[in-house]
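Me: I'd like a close look at one part of this protein, with the salt bridges as the way in. Here it is.

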Amino acid sequence: MSLVRHIDLVLLRAFVAVAQTGSISAAAGQLHLTQGAISQQVKRLEAFFACKLLERDSRGAQLTAQGVEFLPKARRLLDLNDSLCASMAGATITEIIRIGIPYDMAGAYVAPVLKAFSQAYPHVEVIVVSGSSVDLMSDFAKGLIDLTIRQCPEAESTAERLALVPLVWLASAEDVFSQRPLPLCFVTPTCAFRPVVFSRLAEADIGWRVIFENASVDTTLATVQSGLALTPWLRPLVPDGFRVLGEEAGLPSLPDFAIELHVPQHASEGAQGMATLIRQHISGVYG
């Protein structure tokens, strides 16, 4: 008789949180634990399976090949556990969907969609995964999220286009735009705006240096507000109190960006309902 082994779901939840957020610190914040606790839980899970699931470096935590293969199975097990617990507690959660939202569109920009969805689909639980468009599309291709919004240059748009908006230079009241090399900051190292920004600056023979990048919209905006750097931003998302610069500041123009919606061909009822509400919201706000 083979020995029956039992997976600790607490360890699975820690691993999935790290995989979805891309870092130990972000997962710790999501699960309200210390970074040390998250690290220990992932190590215990790796010891349980005698394999390496995550690689940790200065950029954060990256899935190994075994981690990529294991993640969808871990998610399914957690979803089954959560649905079963909700059912036995008298709740009627029948579906869990994960939606990818670019960092700069998360929070207040999608809150109306989430509120409307919860009213229309009270039995469907929604998990929002924030990230760069590059990372979200990678997760979507792996089946880690059920639908996602993507931002990309107009020329690279391939899916259902919800809006076309200008990409602009965002600055504070400081004359930081006159500095050379031009100081820049981005929300993430995989920001979809980086390639076009670097290309346009190179064409204009303007040198640049990246002084800051992380996974925080608030910190990026604070860096710009303090006059330390410029950042590219979608025009409809520019917060109050910031300057939008153009060619009058000696900067090259930036291309329009498409906001796309990616939904699987055979999406679930909940995912289709979410897609409908996203279309309605974005066409109203960005159209």
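Does Glu-69 count as buried or exposed, and what is its relative accessibility? Take me through its surroundings and then the other salt bridges.

Reply: Glu-69 counts as exposed, because its relative accessibility is 52% and the cut-off for exposed is over 50%. Keep in mind that this is a predicted model.

Let's stay with that residue for a moment. Glu-69 forms a salt bridge with Lys-73, and the closest N and O atoms are 3.7 Å apart. Both residues sit in helix 4, which covers residues 65–88. They are four residues apart, or about one turn of the helix. Lys-73 has a relative accessible area of 43%, so this partner is partly exposed. As a general point, side chains of opposite charge can pair when their charged atoms come close.

The structure holds eight salt bridges, and another one involves the segment before helix 1. Arg-44 pairs with Asp-8, with 3.6 Å between the closest N and O atoms. Arg-44 belongs to helix 3 (residues 35–49) and Asp-8 to the segment before helix 1, so this salt bridge ties together parts that are 36 residues apart in sequence. Both ends are partly exposed: Arg-44 has a relative accessible area of 48%, and Asp-8 has 31%.

That segment before helix 1 (9–21) is also the place of Ile-7. Ile-7 is partly exposed, at 33% relative accessible area. Together with Leu-77 and Leu-80, Ile-7 forms a nonpolar patch on the surface, and the accessible area of the three comes to about 250 Å².

One more salt bridge is worth a look: the side chains of Arg-161 and Glu-154 meet at 3.9 Å, N to O. Arg-161 is partly exposed with a relative accessible area of 39%, and Glu-154 is partly exposed too, at 37%.

Now for some strands. Strand 6 runs over residues 160–171 and pairs with strand 9 in the antiparallel sense, over four bridges. One pairing to look for is Leu-170 with its bridge partner Thr-231 in strand 9. In a regular strand, side chains alternate between the two faces of the sheet. Strand 9 (residues 231–234) is covered on both faces. Thr-231 and Trp-233 are buried on one side, while Pro-232 and Leu-234 are buried on the other.

Stepping back to the whole protein, there are nine helices and eleven strands. Of its 287 residues, 46% count as buried. The accessible surface comes to about 14,200 Å², and carbon and sulfur atoms account for 54% of that. The C-alpha atoms fill a box of roughly 75 × 40 × 30 Å along the principal axes. The radius of gyration is 21 Å, which agrees with the value near 19 Å for a compact globule with 287 residues. As for contacts between residues at least 6 apart in sequence, 74% join residues at least 24 apart.

So, back where we started: Glu-69 is exposed at 52%, and its partner Lys-73 is partly exposed at 43%.

How values were computed
Residues numbered from 1 in each chain as written. Predicted model: local features only at pLDDT ≥ 70, side-chain atom pairs only at ≥ 80, totals over all residues. Heavy atoms only, no water. Patch = residues over 30% accessible without salt bridge, like charges linked within 9 Å, V, L, I, M, F, W, Y side chains within 5 Å. Areas by Shrake-Rupley, 256 points an atom, 1.4 Å probe, with all protein chains shown as cover. Salt bridge = Lys/Arg side-chain N within 4 Å of Asp/Glu carboxyl O. Helix = DSSP H or I, 4+ residues; strand = E, 2+ residues; numbered from the N terminus. Buried < 20%, exposed > 50% of the residue type's maximum accessible area, 1.4 Å probe, protein only. Rg over C-alpha atoms; globule rule 2.2 N^0.38 Å. Contact = heavy atoms within 4.5 Å. Pairing = 2+ DSSP bridges.
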